[in-house]
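Here are my notes on the model you sent round. Please read them with the structure open.

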Amino acid sequence: MRTRYATLALSVMLFAAFGLAGMNAQTTITVGTGTGSSTYPVHLNWMYGGSVALYTAADLGQAGWNCGSGTITALKWNIQTASNYQDGTIRIWMKNTSQTSVSSGAIDTSGTLVWAGSCPSFNSTGWINFTLQNNFSYTSGSNVLVTVQRQDPVYYGNTAYFYYTTVTGSHASAAQDNSMPTSLTANSNRPNIQMTFSANCAQPPAITINSAPTCPSSSNQSVNSTITVSGGSISDARVWFRKNAGTWYNSTATTISGSTYTFTINHTTLGGVTGGDLVEWYLGAISSASLSITSPRSEEHTSELQSPD
C-alpha cells in the first residue's frame, strides 16, 4: 500500500506540474514545408477544378504519425494568398493506396467521400480547416490519395493560392469552364497539408537511471540519468522527492548535457535529513504531451544505507 500510495500521489502532481490536465488526445501532422504557391487544391479561377495529391506512408511517419492504422478527422491546407470569393461547392475524397506516384489522366474519386458542401471563405492566410463529415480510416503502411473537386457555374477571377512542396510524381490537377475536367495533368506541386488523427501518437520518453544516492548524508544528493525520446525532444524533466511521507517537492535538472540529466535532491528543502529519515524520489519527463515516470525509489538514512534497489 505504501508504494501504491506514493505512485498515485506522484502521478497526480506530475500532471498538475507539467500542465497535462487537458492532455491532447489527438495528433496533427504537417506534410510539406515548401514555400511555392499555386491555386490548388481548391481552384477558384475557373468554374471547375480538380486536384489529386499523393502522401506516402513515409511522409506521414516523418511528419510524426508512427502509430500504424488510425482515424483521420480533419484536413487543413495552408493559404498563401487569400481570396474574397465564397461560392460554389467542394468535395473531398481520401483513399488508402499502394500506388507510389500520380499520373496524368482521369480524376480518382473512388475513395471515401469525407467532406462535401458549400465553398468556405478563403479570405485569410494560414491554415484552413475542414473537419471531416465522414472520418477516414487510415490503414497502416498505406499511402494516402487526397482528391479535391470544386465547381461553380459562375466564373470568378480572384483565386486563393496555397503553399506547396515540390515532390516528383505527387500531384495532378486541371481547371476549366463549363464542365469538370475529365483528365488531369501530372505535376510536382503537391499542396502542403495537415492531417489530424483522433489518437495521441506521442512517444513517451525513456528514462534510465545511471547513478543514485548511495550513502547517508546531510548534504544534497544527485541523481544522474539518461532521458531520450524517439522522433522528438524533451520539453520538461524533474525529480520529485519527499521525506517521511511528507510534502512532495520537485525541481528541474541542475545540468543537462545531451541526453544526460543530473538532478538534485535538496536536503535543505526537506528541512534537513538525519539518521532514520526515509527519502522517496522519482524522475519524470515529458515530450509532445506524453509522460514517463520512473519506478519509486527510497533511501532510509541510517548508518548502513545501501544502494536503492
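The points below go from the whole chain to single residues.

1. **Status and overall make-up.** This is a predicted model, so local features are discussed where pLDDT is at least 70. The protein has two helices and 20 strands. It has 309 residues, and buried ones make up 45% of them.

2. **Contacts and surface.** Consider contacts with a separation of 6 or more: 78% of them join residues 24 or more positions apart. The exposed surface of the protein is about 14000 Å². Carbon and sulfur atoms supply 46% of that area.

3. **The largest nonpolar core.** This core has 34 residues. Which of them touch the most other members? They are L60, L75, W77, I92, F122, V146 and M195. Eight elements are worth colouring here, since each gives two or more residues to the core: β1 (27-31), β3 (48-55), β4 (70-81), β5 (89-97), β6 (112-118), β7 (126-138), β8 (143-151) and β11 (193-197). The largest share, five residues, is from β7.

4. **V146 as a way in.** Start from V146 if you want to see the packing. Leaving aside residues up to four places away in sequence, V146 touches S51, V52, A53 and Y55, among others. Its contacts also include L75, W77, I92, W93, M94 and I193.

5. **The other core.** Another core lies apart from the largest one. It holds 18 residues, including A212, V273, W281 and L283.

6. **The four-strand sheet.** One open sheet runs in the order β12-β13-β17-β16, and its pairing is antiparallel. Which strands stand at the edges? They are β12 (206-211) and β16 (255-257). Each has a single partner strand, so one side of each is left without a neighbour in the sheet. With direction ignored, neighbouring strands in this sheet are turned by 25° against each other on average.

7. **The β12-β13 pair.** Strand β13 covers residues 221-228 and pairs with β12 over five bridges, in the antiparallel sense. To find the register, look at I209: its bridge partner in β13 is S225.

8. **The β14-β15 hairpin.** β14 (residues 236-243) and β15 (residues 249-252) are antiparallel partners, joined by four bridges. W240 stands opposite N250 in β15. Five residues lie between the two strands of this hairpin.

9. **N244.** This residue sits in the loop between β14 and β15. Its phi is near 50°, a positive value in a residue other than glycine. Is N244 buried, partly exposed or exposed? It is partly exposed, with a relative accessible area of 41%.

10. **N178.** Here is another positive phi to check: N178 is not a glycine, yet its phi is about 75°. N178 belongs to the loop between β9 (161-176) and β10 (185-191). Its relative accessible area is 64%, and N178 counts as exposed because the cut-off for that class is over 50%.

11. **The cis bond.** Where does the chain carry a cis peptide bond? Look at the step from Y40 to P41, where omega is near 25°. P41 is placed in the loop between β2 (36-38) and β3.

Notes:
Residues numbered from 1 in each chain as written. Predicted model: local features only at pLDDT ≥ 70, side-chain atom pairs only at ≥ 80, totals over all residues. Heavy atoms only, no water. Pairing = 2+ DSSP bridges. Axes fitted to C-alpha atoms, helices over the stretch in contact; angles between N-to-C directions. Core = buried A, V, L, I, M, F, W, Y, C linked by side-chain atoms within 4.5 Å. Buried < 20%, exposed > 50% of the residue type's maximum accessible area, 1.4 Å probe, protein only. Contact = heavy atoms within 4.5 Å. Areas by Shrake-Rupley, 256 points an atom, 1.4 Å probe, with all protein chains shown as cover.
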